Amino acid sequence: SMIFLGTRFSSGQIAAVLGIVIGVIMLAYEKNHRKIPLRKLHEANILAFGALLFYGLDFFFIGTLITKLPWQILDVSISIFLVIIAFVLPYINNRRGYVTAVKRSLSNKTTFFAAASFSVGSIVFYIGSHRAGSIIIPTVLSSCAPLVASILGAIFDKEKIGLLKRLGAVIVVAGIVILNIA
């Protein structure tokens with residue numbers, strides 16, 4: 001948005017966003033305790049980087065549309081496309097076991113909870129973006145998702161939150177405070 005739309009940010013806002021990104025990276029970083037082969041780990045990181053690029057592209061386009069279209073239209077359009085992809089890709093990858101995989105997924109309660117949570121999160125995100133007239137603040141705030149995941153992992157899965165993650169959480173919260181002040 002800075003390059004193509006001429007959006008201007010103060011140095012404080014840029015510092016806050018960079019701080020949040022650094023904090024999120026610290027929260028998302030995991031040591032390789034499970035001894036995952038480096039090739040597989042690098043493939044996962046490359047795919048995550050691809051997701052980052054596509055999300056950035058997506059947020060750029062949505063940022064240009066958020067004040068022109070109702071948030072419901074954006075959310076429904078994205079959801080329809082996701083449903084199509086969600087049924088086509090597994091079929092392409094596993095034609096023989098496709099029906100079994102779909103049945104197993106649809107009978108899993110966690111799948112429904114995750115889908116419902118993602119859908120509600122998307123709706124809240126688009127409402128917030130529409131009301132703010134910008135996608136920037138809701139995007140930055142929603143980047144704190146690893147903080148929530150880390151806390152829930154500590155509570156329900158008894159995961160230990162290391163010093164790096166704790167420091168990352170503090171940096172994210174500080175960045176959000178600075179972003180709202182700047």
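**Exercise 1. Which residues does Ile 62 touch, leaving out those up to four places away in sequence?**

Solution. Take contact as heavy atoms within 4.5 Å. Ile 62 then touches Leu 74, Ile 78, Tyr 126 and Ile 135. Next, locate the residue: Ile 62 lies in helix H2, residues 38–65. Helices here are DSSP runs of H or I with at least four residues, numbered from the N terminus. Last, consider accessibility, where buried means under 20% relative accessible area, exposed over 50%, and partly exposed in between (1.4 Å probe, protein chains only). Ile 62 has a relative accessible area of 3%, so Ile 62 is buried.

The structure is a predicted model, in which local features need pLDDT of at least 70 and side-chain atom pairs count only at pLDDT 80 or more, while totals for chains, interfaces and linings use all residues. Residues are numbered from 1 along each chain as its sequence is written, and side-chain values use heavy atoms, with hydrogens and water left out.

**Exercise 2. Which elements have the lowest and the highest mean pLDDT?**

Solution. pLDDT is the predictor's confidence in each residue, from 0 to 100. For the protein, the mean is 80, and 91% of the residues reach 70 or more. Among the elements, the lowest mean, 77, belongs to helix H6 (residues 136–142), and the highest, 87, to helix H5 (residues 109–132).

**Exercise 3. Which residues make up the largest nonpolar core?**

Solution. A nonpolar core is a set of buried Ala, Val, Leu, Ile, Met, Phe, Trp, Tyr and Cys residues joined through side-chain atoms within 4.5 Å. The largest has eleven residues: Ala 16, Ile 20, Val 24, Leu 27, Val 140, Cys 144, Leu 147, Ala 169, Val 172, Ile 176 and Leu 179. Two or more of these residues come from helix H1 (11–28) and from helix H8 (163–181). For one member, Ile 176, the contacts are Ile 20, Leu 141 and Cys 144, not counting residues up to four places away in sequence. A second, separate core has seven residues, including Leu 74, Phe 125, Tyr 126 and Ile 135.

**Exercise 4. Is Ser 129 buried or exposed?**

Solution. Ser 129 is in helix H5. Its relative accessibility is 0%, so Ser 129 counts as buried. Beyond four places in sequence, Ser 129 touches Ile 66, Ser 134, Ile 135 and Pro 138.

**Exercise 5. What span should helix H7 have, and where do its buried residues lie?**

Solution. The expected span is 1.5 Å times one less than the number of residues. For the twelve residues of H7 (residues 145–156) this gives 16 Å, and the end C-alpha atoms are 16 Å apart, which agrees. The buried residues in H7 include Leu 147, Ser 150 and Gly 153. They cover an arc of only 130° around the axis, so they are on the same side of H7. The arc is that of the directions from the helix axis to the C-beta atoms. An α-helix has 3.6 residues a turn, so residues three or four places apart point the same way. Just after H7, Lys 158 takes a positive phi of about 55°.

**Exercise 6. How many aromatic pairs are there?**

Solution. Rings of Phe, Tyr and Trp (its six-membered ring) pair if their centres lie within 6.5 Å; planes under 30 degrees apart count as stacked, over 60 as edge-to-face and the rest as tilted. The count is five pairs. One of them, Tyr 91 with Tyr 98, is edge-to-face, at 5.3 Å centre to centre and 90° between the planes. Tyr 91 is partly exposed at 42% relative accessibility, whereas Tyr 98 is buried at 15%.
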